[in-house]
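Visitor: Could you walk me through this one while I have it open?
Guide: Gladly; here it is.
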Amino acid sequence: MSALKRKRGGKGPGGKAKKVKLVENGNKPQTTEMEQNKEITVPPPVDITTWTNWRNKERVLVFSSRGINFRTRHLMQDLRTMMPHTKADTKMDRKDKLFVINEVCEIKNCNKCLFFEAKKKQDLYMWVANVPHGPSAKFLVQNVHTLAELKMTGNCLKGSRPLLSFDPQFDTEPHYALLKELFIQTFSTPQYHPRSQPFVDHVFTFTITDNRIWFRNYQIIEEDASMVEIGPRFVLNLIKIFQGSFGGPTLFENPHFESPNTHRRVIRMATASRLREKQMVKELQKLKRTENKEAVTRDVTDDVFATPAEERPVHIELEAPAAKVVKKNKHKAFKRQRKQNR
Amino acid sequence: MRAVDSCKRKLRIGTFDYFGAGVSPEDIFGVLFTDDNSFSCEPLHVSTDFMVFGPQNHCLYPIILVNNTMDIIEDDEQLGETSEQDSELSDGELQDAFAKGLLKPGLNFTTQEPKKIVNNVEGLKQCLADFRKNTLPWIERLDMVNLPADDIVAKSEGRLDNKASEDINPDDDFQREMFFYRQAQEAVLEAMPRLLKLKIATKRPEDYFAEMAKSDQQMQKIRKKLITKQIMMEKSEKAKKLREQRKYGKKVQVEVIQKRQREKKAMMSSVKRYQKGMTDKLDFLEGDQKTAKGGAPAKGGAPAKGGAGKGSGGQTPDKKAMNKKGPNAKRKYKDQRFGFGGKKSGTKWNTKDSHNDVSGFRAKVAHGKGGKGGKGGKAGPGGRGPAKGGAKRLGKNARKKMKGRS
């Protein structure tokens, strides 16, 4: 922030050409440039009537409970960067019940809320709620990748308005339709928001696969739709949808949802059962070994080689056998001669 | 007899119509059957004790057990409900249930009802209707619903283009991410004309400097990482190629050496045979002669001591070919003699290797074949010099004599 007090819309200390905002009625910027050169205090470069066009007053409160880790913190920061219509708040104590959040939102004058809850320092849950009366949904967040990851090579204007893209599956089921509406109202930046940029240069995609909602953020490089990922990215696993904000009757429960505790338990039990099986097998083997085995008196294979021949009397030789006479073959031709004759 | 069964608290003895006559629900009594097909009836205490007769107790007929109705499920759900006395399902109710026909004869088991998953469709629709902001024009929301764009790669390969999101395998990372990418592409392609109509730009002008979501520092880091990745890839490619080349080169070298060794072996064996007198033909030299004739004059000329003119004269037959083969033979000889500080001492030793090395053996020179005719004719004008170098080398004493004479 500059130390000099700057008049709204006035020249900064640099004095260079400021950003020219695109205006609906585009004849204004020309006159303001000329005036900038003459006077010190200049009128705002944008037609002030356009500021009142900001009608869609959506404000989202983004905050978390205690016990979140660095990744969640960065994710929250990234969401605040991407969405200029967000506000932050301090961490909520775990002692407070969830409906306290409604009051916090009211104080901050927000009508939507993104609340991140971390349990056991491992699992991250996200609440998306329309605060005063509307529906709310709880998700389990997985596979979080933040803006700061070096594999996310795209970049976009801070506060530019996103294009939201949904999977056609969102229109098929009523609970998905409700979620779609909730996402649209929460994630889309209102037009003419004071902190927004007028260009549309990135896309949020929501896709349903494997009973989960996958979120991606892409930068639009060219008009022919070549893209690069900016981030962040995460996967939402729906748990429940409530009729009220952070409470109220359950409208929908996800049958495919398996709580992370159950998941870990299943894995542990699988390993435990494998171990137990091994132990059982070992014990069985031990038992078998210590069992009284019946002594086999007769060998079944005894008479396999029994050949029915009569016995010969044992003859012991007392004299050494006569030496064999070895005659050397003197009539073998020499090697060379043999080769020649070959 | 006491019941020993896992869901003992839920078992009851019911009535059944064995006799064919209608047994009124009020007359509850258990019928005990024995193996010899006789039976006796006796009233039972319909209280916490109940008896279970089943096939395992060597009874002929199983006793009817009451099926679980919804009331009992609620008992199950209230954990800690183990005492039978608190069970809500009284026998009177059982009797009523049987009379109404809710219970059927046969062995009935308690079953857990499947957990109810809340899916309040009406409620959801109502909520959506209340919640939806219908006054918002599209420009405020900028939402699209679209299938992914055509997958050019898959189409070119002829694979089936799976458009719906159910088709993709979530574990196949590449396919999944490509699906998301294409979905975003399709959204952009559809939205562009709409945005243009509403005069919203998607491209910012060149001089529009504004804060970006990622700082310049971050982008520099990313750029560096990409560059290093690229360099590493190139290096690995180069290394691979080099390895391949070396392998190939090694193969070729090995083959050449082997060929040479084979030829040498053949030559030596044929020479030995001749020497030992096994063969009296010198056919094996034929092959040598043809090559030697072309090469010998050049070879004869080159080793001449400092004879520059002779060297050039000797080269005339295939000068161009010789020129192609790298450094001149003359040059090579001079390098060998005077290069790198000149001749070293100890280069001529009679070691095993030097004794076994017959690379200096020139069959033609040894036998004086083809040298006398060719050399004499060609190098005639050269005088005594070539005669000295080209013909067969005389013995030490003869040379001494010659030296003395010249």
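Guide: Contact here means heavy atoms within 4.5 Å, and please keep in mind that this is a predicted model.
Visitor: OK, so how many residues does each chain put into the contact?
Guide: Chain A contributes 79 residues and chain B contributes 64 residues, and the area buried between the two chains comes to about 6,400 Å², with carbon and sulfur atoms giving 61% of that area.
Visitor: And how many salt bridges are there across the interface?
Guide: The rule finds six salt bridges between chain A and chain B; one of them brings together the side chains of A:Glu181 and B:Arg141, with 3.4 Å from N to O.
Visitor: Which part of chain A gives the largest share of its side?
Guide: That is strand E7 of chain A, residues 197-209, which supplies eleven residues of the side touching chain B, and the residues of that side as a whole divide into 37 nonpolar, 21 polar and 21 charged.
Visitor: Which strands are joined by bridges between the chains, and do they run parallel or antiparallel?
Guide: Strand E6 of chain A (residues 160-166) and strand E3 of chain B (residues 143-145) run parallel and are joined by three bridges, and within E3(B) the partner of A:Leu164 is B:Asp143.
Visitor: Switching topic, how many aromatic pairs turn up over all chains?
Guide: The search of the whole structure finds 20, including A:Trp127 with A:Phe242, a stacked pair at 5.6 Å centre to centre and 20 degrees between the planes.
Visitor: What does that pair tie together?
Guide: A:Trp127 lies in strand E4 and A:Phe242 in strand E10, both of chain A, so the pair ties together parts that are 115 residues apart in sequence.

Definitions and conventions
Residues are numbered from 1 along each chain as its sequence is written. Chains are lettered from A and ligands numbered from 1 in the order in which they are written. This is a predicted model: local features need pLDDT of at least 70, side-chain atom pairs count only at pLDDT 80 or more; totals for chains, interfaces and linings use all residues. Side-chain values use heavy atoms; hydrogens and water are left out. Buried area is the accessible area (1.4 Å probe) that two parts lose on being put together, summed over both. A salt bridge is a side-chain nitrogen of Lys or Arg within 4 Å of a carboxyl oxygen of Asp or Glu. Helices (H or I, at least four residues) and strands (E, at least two) are DSSP runs, numbered from the N terminus. Ala, Val, Leu, Ile, Met, Phe, Trp, Tyr, Cys and Pro count as nonpolar, Asp, Glu, Lys and Arg as charged, and the others, Gly among them, as polar. Two strands pair if DSSP finds at least two bridges between them. Rings of Phe, Tyr and Trp (its six-membered ring) pair if their centres lie within 6.5 Å; planes under 30 degrees apart count as stacked, over 60 as edge-to-face and the rest as tilted.
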